Amino acid sequence: GNDSSSSVKVQSSNQVVREITVEKGVFSATISNLDGGLAYSITVTPIGKTDANSAKTVVVTLPPSMPGDLQVSQVGKSNIRVSWSNQNSEFQYRVAVISAGEPTRTVVTNKSSIEIDVKPGVEYEVLLVAIGAGDAISAAAATKIKVAATPTTTSINTPTFSVYYGAKKFI
């Protein structure tokens, strides 16, 4: 039973520490504003107890939020660029490129943009997850891209001209 007040210490995997006191007779505490993608060590210690076994610790890992602003574009004939907003420089990201329901390439990176080799003329689904502490993963962000068989190019039409000096043509 809770016959004394308790101290609740919350320490995140990035070393942020918070402490709260839970009054006698209270058997739960709500700890809010925790960051996703981190592991938390939560230790409850009865206040006034000197017995080392009276403290209880649990470790909880929260998954990161889904990566935002997923963008995929074709680069050249056989590459795509995948980019997203980086939530936390400590996270890693797993990018899976899928064609016809089969993964064709999976890349793990700590960057927020990568280029991946693909085959022209194929439609791909791109899935992206953030990987936090304890390998906890976010929900997947997803999009599709049809890689053109011939990439779109922009041509600039310049007028043809000749330069004469007197009767002599130079260009």
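Leaving aside neighbours within four places in sequence, Asn79 is in contact with Ser73, Gln74, Glu115, Ile116, Asp117 and Val118 in this predicted model. Asn79 belongs to strand β6, which covers residues 79-85. One of the residues it touches, Glu115, is also its partner in a polar contact: the two side chains are joined at 3.5 Å. Asn79 has a relative accessibility of 18%, and it therefore counts as buried, since the cut-off for that label is under 20%.

A second residue to look at is Ser54, which sits in a loop rather than in a strand: the loop runs between β3 (39-46) and β4 (56-61). With a relative accessible area of 19%, Ser54 is buried, because this value falls under the 20% limit. When residues up to four places away in sequence are not counted, Ser54 touches Val44, Pro46 and Lys49. For one of these, Val44, the spacing of the backbone can be given as well: the C-alpha atoms of Ser54 and Val44 are separated by 8.5 Å, while the two residues are 10 residues apart along the chain.

Aromatic rings come next. How many aromatic pairs does the model hold? The count comes to 1, and the pair is formed by Trp84 and Tyr93. Their rings lie 5.4 Å apart, centre to centre, with 50 degrees between the planes, and the arrangement is classed as tilted. Both partners can be followed up in terms of accessibility. Trp84 is buried, at 5% relative accessibility, and Tyr93 is buried too, with a relative accessible area of 0%.

Methods:
Residues are numbered from 1 along each chain as its sequence is written. This is a predicted model: local features need pLDDT of at least 70, side-chain atom pairs count only at pLDDT 80 or more; totals for chains, interfaces and linings use all residues. Side-chain values use heavy atoms; hydrogens and water are left out. Helices (H or I, at least four residues) and strands (E, at least two) are DSSP runs, numbered from the N terminus. Buried means under 20% relative accessible area, exposed over 50%, partly exposed in between (1.4 Å probe, protein chains only). A polar contact is a pair of N or O atoms within 3.5 Å; within protein, one must be able to donate a hydrogen and the other to accept it, and residues adjacent in sequence count only if both atoms are side-chain atoms. Contact means heavy atoms within 4.5 Å. Rings of Phe, Tyr and Trp (its six-membered ring) pair if their centres lie within 6.5 Å; planes under 30 degrees apart count as stacked, over 60 as edge-to-face and the rest as tilted.
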